[in-house]
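Me: I would like to go through the surroundings of the ligand in this model, asking of each term what supports it.

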Amino acid sequence: MTATISPSTFDTRILSLPLYEDHHRELAQRLVTWCAEHQDLLAAAGQPEADGLRILHALGDAGWLAFLDGGPDDYRALCLAREALAYRGDLADYAFSIQALAATPIRRFGTDDQRRRYLPGLAAGTLCGAFAVSEESAGSDVAAISLDARETETGWMLNGGKAWVANAGVADVYTVIARTGPGPGAFGLSAFLVPGTTPGLRVEPVPMIAPRAFGHLVFDDCALPREALLGRRGGGFPVAMEVLDRFRMTVGAAALGFARRAADAALARARDRPMLGGKLFDLPTVRAAFADMEVKLDAAALLVARSAWEIDHGGPRYARDSAVAKLYATEVAQEVVDSAVQIFGAAGLVRDSLLERLYRQIRSLRIYEGSSEVQQAVIASAIDPHRTHRGAS
Ligand SMILES: Cc1cc2nc3c(=O)[nH]c(=O)nc-3n(C[C@H](O)[C@H](O)[C@H](O)COP(=O)(O)OP(=O)(O)OC[C@H]3O[C@@H](n4cnc5c(N)ncnc54)[C@H](O)[C@@H]3O)c2cc1C
């Protein structure tokens, strides 16, 4: 069955390993087919906000988001979807991943009413979600969040700001982490569901290196009802951390999709480009560059698969494995895209060409949902210096 899958999007040999089940292989096949049928839509980038929403609606119509409303957790499936969508287009991966990121805290911590209110729309792609944790002075250090949420007679009053929020300006609902108590640090945080139309909420768009709906949020006497609280009061830090720990590996999967696309384009170029009486691919240093890419892509795919398998099987080390997968896959994806640009020469630097877009698009993956250095800290914290054999810590 896997032999029919385009080898460019997925590595069929890795998909055939026991890390995956038959339904994942079938899913991969369906993703490849659907993405090929919708390639123009998925590659759209002329109007990032409108295009992102069009892609979101198409993903919802096709049922790719249906799992968000009552479906089982399946991180291998989530990773495969990001891999396939990132291969086709940055906005496609963005629309899918931010929707899943936004729905996950509601799935995990929402009351029945909150789930009923938001999940059907998020799963249908008719509602757009966002997850707002970062602030200008609290990015890597989530415990430093200062957005103030004060209890009132009718609910809560939010004052302050959020920064670097994906889907800012187009989201119908934001999951927001705010400070409801003095702390210390992480203990004084709570999560809230804030409809995008709430009076007192303002969006300041931020233009990014890879254009998309993105910006800062300003809360100015933003009043919320009691039932806007998501999870328990004081439980905001675990809401943020659980979601981020789970999603990190999926960032690695997206990195793999971008990097495979770049490697495939570079291979086609090197195969066809005349050079010194032969083809570019005949040169030993160029062949060595492709060998390096192969090793990095294989290793990244295996680490992503292992971490997704671990979480799908309730393994206790998923946060550590998720950090390993994100760190490695995003770092080597950057290297692979850079090598691909090098193989293209000047043609790889033409504005809005495939390679130039990938070069811009891959950069943020080493920063968002925990920078590479934060992943190193997570991995190091799981090392037992007294361990006696590998896998023990
Ligand atoms: C494209 C994109 C989308 C994003 N989407 C969202 C979103 O939807 N919601 C949201 O809440 N946020 C989002 N973010 C914000 C993102 O999560 C933060 O940028 C990230 O957590 C880093 O925070 P910071 O930018 O404030 O950098 P800082 O925290 O200032 O860190 C800067 C650098 O300091 C170093 N550093 C930091 N901590 C450590 C450490 N512990 N050990 C060693 N070195 C360290 C690293 O080199 C790091 O890159 C997004 C960012 C980008 C780029």
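The exchange below takes up the contacts, the pocket and the shell around the ligand in turn.

Reply: Please keep in mind throughout that this is a predicted model.

Me: What makes the pair formed by a polar side-chain atom of Ser 140 and an oxygen atom of the ligand a polar contact?

Reply: The two atoms lie 2.6 Å apart, and a polar contact is a pair of N or O atoms within 3.5 Å, so the pair qualifies.

Me: Which backbone atoms lie at such distances from a nitrogen atom of the ligand?

Reply: A polar backbone atom of Phe 131 is 2.7 Å from a nitrogen atom of the ligand, and a backbone N or O atom of Trp 164 lies 3.2 Å from a nitrogen atom of the ligand; with the limit at 3.5 Å, both therefore count as polar contacts. The ligand taken alone exposes 970 Å², of which the protein buries 65%.

Me: Why is the ligand said to sit in the largest pocket?

Reply: The ligand is assigned to the largest pocket because more than half of its atoms lie within 2 Å of the grid points of that pocket.

Me: How do you know that the ligand lies between domain 2 (129-234) and domain 3 (238-381)?

Reply: Both domains give residues to the shell around the ligand, so the ligand lies between them. Among the elements giving two or more residues are β1 (129-132) and α12 (372-381), while β3 gives the most, with three residues.

Me: What is the make-up of the shell by class?

Reply: The shell has 10 nonpolar, five polar and three charged residues.

Note on methods: Residues are numbered from 1 along each chain as its sequence is written. This is a predicted model: local features need pLDDT of at least 70, side-chain atom pairs count only at pLDDT 80 or more; totals for chains, interfaces and linings use all residues. Side-chain values use heavy atoms; hydrogens and water are left out. A polar contact is a pair of N or O atoms within 3.5 Å; within protein, one must be able to donate a hydrogen and the other to accept it, and residues adjacent in sequence count only if both atoms are side-chain atoms. Accessible areas come from the Shrake-Rupley method with a 1.4 Å probe; for residues, only the protein chains shown count as cover. On a 1 Å grid over the protein atoms alone, a cavity is a set of points where a 1.4 Å probe fits but cannot get out, and a pocket is an open set with protein on both sides within 12 Å along at least five of seven lines; lining residues have an atom within 4 Å of a point. Helices (H or I, at least four residues) and strands (E, at least two) are DSSP runs, numbered from the N terminus. Ala, Val, Leu, Ile, Met, Phe, Trp, Tyr, Cys and Pro count as nonpolar, Asp, Glu, Lys and Arg as charged, and the others, Gly among them, as polar. Domain bounds come from an automatic or database domain assignment.
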